[in-house]
Amino acid sequence: MVKKVLITGGAGAIGLQLAKYLHEQGQEITICDNLCKKDFKDKDLKEFMKNVNFIKLDLTKLSELKKLKKDYDYVYHLAAINGTKYFYEMPQEVLRVNTLAMINILEWFKTSNCGKILFTSSNEAYASTISKMGGPIPTPEEIPLSIDDVKNPRWSYGGSKLIGELFFVNYARAHKFNMSIVRYHNSYGPRMGFAHVIPEFLLRIIKKENPFNIYGGEETRSFCYITDTLRATQLVMESNKTNGEIVHIGNNNEEITMIDLAKKMFDLFEWHPKLNIQPAPQGCVKRRCPDLSKIKKLTGYEAKVDLNEGLKKTYDWYLDYYKKNKK
Ligand SMILES: NC(=O)c1ccc[n+]([C@@H]2O[C@H](COP(=O)([O-])OP(=O)(O)OC[C@H]3O[C@@H](n4cnc5c(N)ncnc54)[C@H](O)[C@@H]3O)[C@@H](O)[C@H]2O)c1
C-alpha cells in the first residue's frame, strides 16, 4: 500500500533529498516548510514541488498546523534552524524556533491518527560529554547528553536537540504513540547548503583560495554521504524494532582531521594552495565519530559510500552551482 508521508523542513538540505528519495519509491509526499532559508529557493526545489503536496507554514505557530491532514503513516520532523554560523549569530532564534516547532508538532501529532513520528537530533547534544568528560569514541547512543557552557551561544542548537529528545521520549510514553529519534553525524552531499565544512571547503577550492584558511585543523569528523543518511533514516522509521529508540546515523569507516580533509580535497580536485591554520572557533568539538552497532543490529544498515566517492559527487554539484550563480 502507498505510504502517506509528511516531512517537516522538507525544503531543507536533507528534507528535500529525503522527499525525492521516498517519492521515487512511490510514497505519497507532503512537505511543510516556511522557506526561511534563502539558499534553497532554487530551481531544483520549484521543479520537485510540482510532484508533491507543499504546505507553506510556520511550525512555531500552533494554529498554522491546522493546515495539515491528520492521517500520515509517517511524519519525519526535520524542521529546525541548523548551521553552525546561526548557532553563533542568532542563538535565541535557534532555541525559540527549534523548541517551539518541536513542541507544536508533538501537540499536533498526539491528537492525530498518524502512524509514527521521527525526530532528527544531532551529535551536538552529546558533544560536551566527549570534550569535557572524555566520553567514548566511537560514541554509542547511551552517552549522557550535556551542555558544557550555557554562556557559549554555540550550545543553543545542541540544547534544543537535547530538550527535543526529552520531549519526544516523554510525549510518546505519555500519549502512547510510536516514535524514533535519530542522531545525524555530519551528513554531506549535493545541495546541502553553504554553512557546513564540506561545502565551504569545496567552494573555496573552486574559487582557488590561496592561502587556504582552516579554523582549527586537528579536529576530526566522520562524514556520511547523503544517500547513506537517507537510507538509514527510512530504515529507522519503517522498522518496528526501533520504536521508542534513539539511533545514531553516520559513517564511521573514516574519521578524518580537518587538515587531512582539506588535503584529500586538494588531491582530488587538483589545487594545492598554502595552508593557513587559524585557531578553532570557541566550543569547537575535537573529535566526533558515531558507534553504529545499534543501527546495524536493529535494521542491518551499513554505510556504502566512501569519502572519495562522496566528495567527487558533491564537488560536481557545487562546481555547477558556482558556474551558474558565481556564489
Ligand atoms: N545536516 C546535518 O548533518 C545534520 C546533523 C545533525 C542533525 N541534523 C538535523 O536534521 C534536520 C535537517 O537538517 P538540514 O541540514 O536539512 O537542515 P536545513 O536547515 O537545511 O533544513 C531545515 C528546514 O527547516 C525549515 N524550517 C525552519 N524553521 C521552520 C519553521 N518555523 N516552520 C517550518 N519550517 C521551518 C527551513 O526552512 C529549512 O528548509 C534538522 O533538524 C537538523 O537539525 C542535520
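**A guided walk through a predicted model**

Guide: Let's start at Asn186, which sits in the loop between S6 and S7. Those labels are DSSP runs numbered from the N terminus: helices are H or I runs of at least four residues, strands are E runs of at least two. Residue numbers count from 1 along each chain as its sequence is written. The model is predicted, and local features need pLDDT of at least 70, side-chain atom pairs count only at pLDDT 80 or more, while totals for chains, interfaces and linings use all residues.

Visitor: Why is Asn186 called partly exposed?

Guide: Count C-beta atoms, placed from the backbone: 20 or more others within 10 Å of a residue's own makes it buried, 12 or fewer makes it exposed, and in between is partly exposed. Asn186 has 19 C-beta neighbours inside 10 Å, so partly exposed is the right word.

Visitor: And what makes the phi of Asn186 worth a stop?

Guide: Its value is near 50°, which is positive, and Asn186 is not a glycine. Most residues other than glycine have a negative phi. Arg191, in the loop between S7 and H7, also has a positive phi near 50° without being a glycine.

Visitor: How do you know whether Arg191 is buried or exposed?

Guide: There are 20 other C-beta atoms within 10 Å of Arg191, so this residue counts as buried.

Visitor: What about Tyr188, why does that one count as buried?

Guide: Tyr188, part of strand S7 (residues 187-188), has 24 C-beta neighbours inside 10 Å, so it passes the test for buried. Leaving out residues up to four places away in sequence, Tyr188 touches His196, Ile198, Phe223, Tyr225, Ile226, Gly310 and Thr314. Touching here means C-beta atoms, placed from the backbone, within 7 Å. From Tyr188 back to His175 is 13 residues in sequence, yet 35 Å in space, C-alpha to C-alpha.

Visitor: What makes Phe168 buried?

Guide: Phe168 has 25 C-beta neighbours inside 10 Å, so buried it is. You'll find Phe168 in helix H6, touching Phe119, Met179 and Ile181 once residues up to four places away in sequence are set aside. Met102 is 66 residues away along the chain, but its C-alpha atom is 8.5 Å from that of Phe168.

Visitor: Met102 belongs to H4, so which residues of H4 are buried?

Guide: They are Val94, Val97, Asn98, Ala101, Met102, Asn104, Ile105, Leu106 and Phe109. These pack against strand S1 (4-8), strand S4 (74-77), helix H3 (84-89), S5 and helix H6 (155-175).

Visitor: How do you know whether the span of helix H8 agrees with what is expected?

Guide: The expected span is 1.5 Å times one less than the number of residues. H8 (residues 226-238) has 13 residues and should span 18 Å, and its end C-alpha atoms are 18 Å apart, so the two agree. H4, with 20 residues, reaches 29 Å from first C-alpha to last, close to the expected 28 Å.

Visitor: What makes a set of residues a nonpolar core?

Guide: They must be buried Ala, Val, Leu, Ile, Met, Phe, Trp, Tyr or Cys residues, joined through C-beta atoms within 7 Å. The largest such core has 76 residues, and Val5, Ile7, Val75, Tyr76 and Leu118 have the most contacts inside it. H4 supplies the largest share of this core, 7 residues. Another core, of 6 residues, lies apart from it, with Tyr126, Ile130, Ile143 and Leu145 among them.

Visitor: Which residues surround the ligand most closely?

Guide: The closest are Gly9, Gly12, Ala13, Ala80 and Tyr184, out of 29 residues around the ligand. A residue joins that shell if its C-beta atom, placed from the backbone, lies within 6 Å of the ligand. Helix H1 (13-24) gives the most, with 3 residues.

Visitor: Why do S6 and S11 count as paired?

Guide: Pairing takes at least two DSSP bridges between two strands. S6 (residues 178-184) and S11 have 4 bridges, in the parallel sense. One partnership joins Tyr184 to Ile249 in S11.

Visitor: One last stop: what is the peptide bond from Ile137 to Pro138 like?

Guide: It is cis, with omega near -5°. The bond from Asn210 to Pro211 is cis too, with omega near 5°. Most peptide bonds are trans.

Notes:
Contact = placed C-beta atoms within 7 Å.
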